[in-house]
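Trainee: Could you take me through one part of this fold up close, strand by strand? I'd like to see how the pieces sit together before I go back to the bench.

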Amino acid sequence: MNKKLLKNTCKIIRLFIVVVIILIVETSSKKYETKVESVNENRTINLTTMALKLEEEISNDLYATKDTYTGDLTGYTADCPLCSGRLACAPNYEVLNGTETYPDNSYGTVRIVASSKNLPCGTIIRFNKQNISNDPIIAIVLDRGVLGNDIDLLSNNYEYAVRTIGRSSISYDILRTGW
């Protein structure tokens, strides 16, 4: 009988060990699955948060490009034919006195340009034109009188407008759309 009791005891012990192993495996795999799900949720939240933060930083960056256009750049003066000497956009500056710039609250002193109604008044643009300036030119749309995506840069001198600015194709960035 001892042999039979010993044999049954061994079977019970083996069964017990198998049950314990199954419980350990089940418990550890459930923890692992929970942990993986949690990590994925955190990654999704972190990516969304990072994207929102980046979008906020770009919208808060005054010099971040919002859009880019291509058109012709020409020069003009306030006393040109059909020009009144007053800018078409409010505050309707008088520019017959040679004014070429505008004191913008956000961008400081900027050049004045005319555009079509494609760009609302108060739009800030940036372009590079080496024969005018080695630095990028920041300008504000305060006048009208051109077509499409073309831009007219206000100059206080007809010779400068014709000879230095002339007419050329440019690409310009929109930094702010309207006021």
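Mentor: Let's start with the hairpin: strand 4 and strand 5 form it, with three residues between them. Keep in mind that this is a predicted model. Strand 4 covers residues 124-129, and its partnership with strand 5 is antiparallel, held by five bridges. If you want one pair to click on, take I125, whose bridge partner in strand 5 is A139.

Strand 5 spans residues 133-143 and also pairs with strand 3, residues 108-114. That pairing is parallel, and four bridges make it up. Here the pair to look at is V113, which stands opposite V141 of strand 5.

Now go back to the strand 4 end of things and bring in D173. This residue sits in strand 7, which runs over residues 167-176. Leaving aside residues up to four places away in sequence, D173 touches I124, I125 and R126, and also T65, D67 and T68. So I125 turns up twice: as a contact of D173 and as the bridge partner of A139. With T68, the side chain of D173 goes further and makes a polar contact, side chain to side chain, at 2.9 Å.

Just ahead of strand 7, have a look at helix 2, residues 158-165. N157 caps its N-terminal end, with a side-chain oxygen 2.7 Å from the backbone nitrogen of E159. At the other end, helix 2 is followed by G166, which has a positive phi, near 60 degrees.

T68 takes us to strand 1, residues 67-77, and the loop between strand 1 and strand 2 (101-104) is where P91 lies. The peptide bond joining A90 and P91 is cis, with omega about 15 degrees. N92 is in that loop between strand 1 and strand 2 too, and its phi is positive, near 50 degrees, even though the residue isn't glycine. N92 counts as partly exposed because its relative accessibility is 31%, and that class runs between 20% and 50%.

Last stop, the largest pocket, which holds about 190 Å³ of space. Its lining has 17 residues, and those nearest the centre are Y76, C80, C83, D143 and R144. By class, the lining splits into 10 nonpolar, three polar and four charged residues. D143 brings us back to where we began, since strand 5 covers residues 133-143.

Definitions and conventions. Residues numbered from 1 in each chain as written. Predicted model: local features only at pLDDT ≥ 70, side-chain atom pairs only at ≥ 80, totals over all residues. Heavy atoms only, no water. Helix = DSSP H or I, 4+ residues; strand = E, 2+ residues; numbered from the N terminus. Polar contact = N/O pair within 3.5 Å; in protein donor to acceptor, adjacent residues only side chain to side chain. Contact = heavy atoms within 4.5 Å. Pairing = 2+ DSSP bridges. 1 Å grid on protein atoms, 1.4 Å probe; cavity = no way out; pocket = protein on both sides within 12 Å on 5 of 7 lines; lining within 4 Å. Points joined across faces, edges and corners; volume = space filled by probe spheres on them. Nonpolar A, V, L, I, M, F, W, Y, C, P; charged D, E, K, R; others polar. Buried < 20%, exposed > 50% of the residue type's maximum accessible area, 1.4 Å probe, protein only.
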